[in-house]
Every structure is written in structure tokens, then in C-alpha cells.
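Subject: Structure handover

Hello,

Here is the structure we spoke about, with the sequence alongside. My notes on what was found follow below.

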Amino acid sequence: MTENDVKSILGPGTDPTLLSDILRTGADASELARAKAWVEADEAQVDAHSPFPSGRIARLVELLEADQEEDDLL
């Protein structure tokens with residue numbers, strides 16, 4: 001996955017630290033898209049009894065949620 005892939009999925013204003021952390025996971029664009037979908041609809045996922053993601057997708061979910069929490073504090 002490239003920097004452009006990350007920005008196309010998360011937006012052009014993606015935090016540089018988050019971008020770097022995502023690239024270090026070794027995930028591909030489809031994994032990032034699935035992680036983003038999980039974070040954006042996590043309550044719906046839980047309500048539907050969807051299992052929590054594992055592996056690289058789980059790591060991406062953690063990164064995205066931590067970034068979201070930081071944004072919420074600002």
C-alpha cells in the first residue's frame with residue numbers, strides 16, 4: 001500500500017503520524033478499507049454480532065480508533 005492509497009481511503013488530510021503507522025503494518029488497501037468500515041460502523045457491527053477483526057485489520061482498527069479519540073479530545 002502506498003501513501004496515496006491511504007489518503008484515497010482516509011482523505012487527503014490524514015495525519016502524517018497515522019499515515020506512517022498504517023504503512024508500517026504491511027496491510028493492503030482492502031484491509032485498510034475494511035478497518036475504516038469497521039470503525040465507522042462499529043456499533044452496527046457489534047449489534048450484528050460480527051466478530052472483531054483479527055490480524056492486520058485489527059491493528060488498523062486500533063490505529064484508526066486511537067486517532068479518532070485524539071480528534072475527539074481536540
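I begin with one residue of the core: at 9% relative accessibility, Leu63 counts as buried. Please keep in mind that this is a predicted model. Leu63 is found in helix α5. Leaving out residues up to four places away in sequence, Leu63 touches Leu18, Asp21, Ile22 and Thr25. One of these, Asp21, is 42 residues from Leu63 along the chain, yet the two C-alpha atoms are separated by 7.7 Å.

Overall picture

The protein has five helices and zero strands, so the pattern read along the sequence is α-α-α-α-α. There are 74 residues, and buried ones make up 30% of them. The accessible surface comes to about 4800 Å², with 49% of that area belonging to carbon and sulfur atoms. Taking contacts between residues at least 6 apart in sequence, 54% join residues at least 24 apart.

Other residues of helix α5

Helix α5 covers residues 55-73, and several of the remaining notes concern it. Ala58 lies in this helix and is buried, its relative accessible area being 11%. Apart from residues up to four places away in sequence, Ala58 touches Phe52 and Pro53. Ala58 and Ala35 are 23 residues apart in sequence, and their C-alpha atoms are 7.2 Å apart in space.

A further distance links Val61 with Ala37: these two are 24 residues apart along the chain, with 9.2 Å between their C-alpha atoms. Ala37 is found in helix α3, which spans residues 29-40. With a relative accessibility of 37%, Ala37 counts as partly exposed.

Salt bridges

How many salt bridges does a search of the whole structure find? The search finds five. Three of them are described here, beginning with the pair in helix α1.

The side chains of Glu3 and Lys7 meet at 3.2 Å, N to O. Both residues lie in helix α1 (residues 3-10), four residues apart, which is about one turn of the helix. Glu3 is partly exposed, with a relative accessible area of 40%, and Lys7 is also partly exposed, at 28%.

Arg24 and Asp21 form a salt bridge at 2.3 Å, N to O. They are three residues apart in helix α2 (residues 16-24), so about one helical turn separates them. Arg24 counts as exposed, at 61% relative accessibility, whereas Asp21 counts as partly exposed, at 22%. Asp21 is also one of the residues that Leu63 touches.

In helix α5, Arg59 and Glu62 form a salt bridge at 3.2 Å, N to O. These two are three residues apart, so here again the separation is about one helical turn. Arg59 is partly exposed, at 39% relative accessibility, and Glu62 is partly exposed, at 43%.

Charges without a salt bridge

Which side chain of opposite charge is nearest to Asp67? The nearest is Lys36, and it is 11 Å away. Asp67 has no salt bridge, yet is buried. The residue is found in helix α5. Setting aside neighbours within four places in sequence, Asp67 is in contact with Asp15 and Leu18. Leu18 is also among the residues that Leu63 touches.

Asp15 appears again on the surface, where Asp15, Glu69, Glu70 and Asp71 form a negative patch. Glu69, one of the patch residues, has its place in helix α5. Glu69 is exposed, with a relative accessible area of 53%. A patch residue needs over 30% relative accessible area, so Glu69, at 53%, passes that cut-off.

For your own check of the model, two places can be compared directly with the display. One is Asp67, which is buried and without a salt bridge, with Asp15 and Leu18 among its contacts. The other is Leu63, which is buried and has contacts that include Ile22 and Thr25.

Regards

Technical notes
Residues numbered from 1 in each chain as written. Predicted model: local features only at pLDDT ≥ 70, side-chain atom pairs only at ≥ 80, totals over all residues. Heavy atoms only, no water. Buried < 20%, exposed > 50% of the residue type's maximum accessible area, 1.4 Å probe, protein only. Lys, Arg positive; Asp, Glu negative; His and termini not counted. Salt bridge = Lys/Arg side-chain N within 4 Å of Asp/Glu carboxyl O. Contact = heavy atoms within 4.5 Å. Patch = residues over 30% accessible without salt bridge, like charges linked within 9 Å, V, L, I, M, F, W, Y side chains within 5 Å. Areas by Shrake-Rupley, 256 points an atom, 1.4 Å probe, with all protein chains shown as cover. Charge placed at Lys NZ, Arg CZ, Asp CG, Glu CD.
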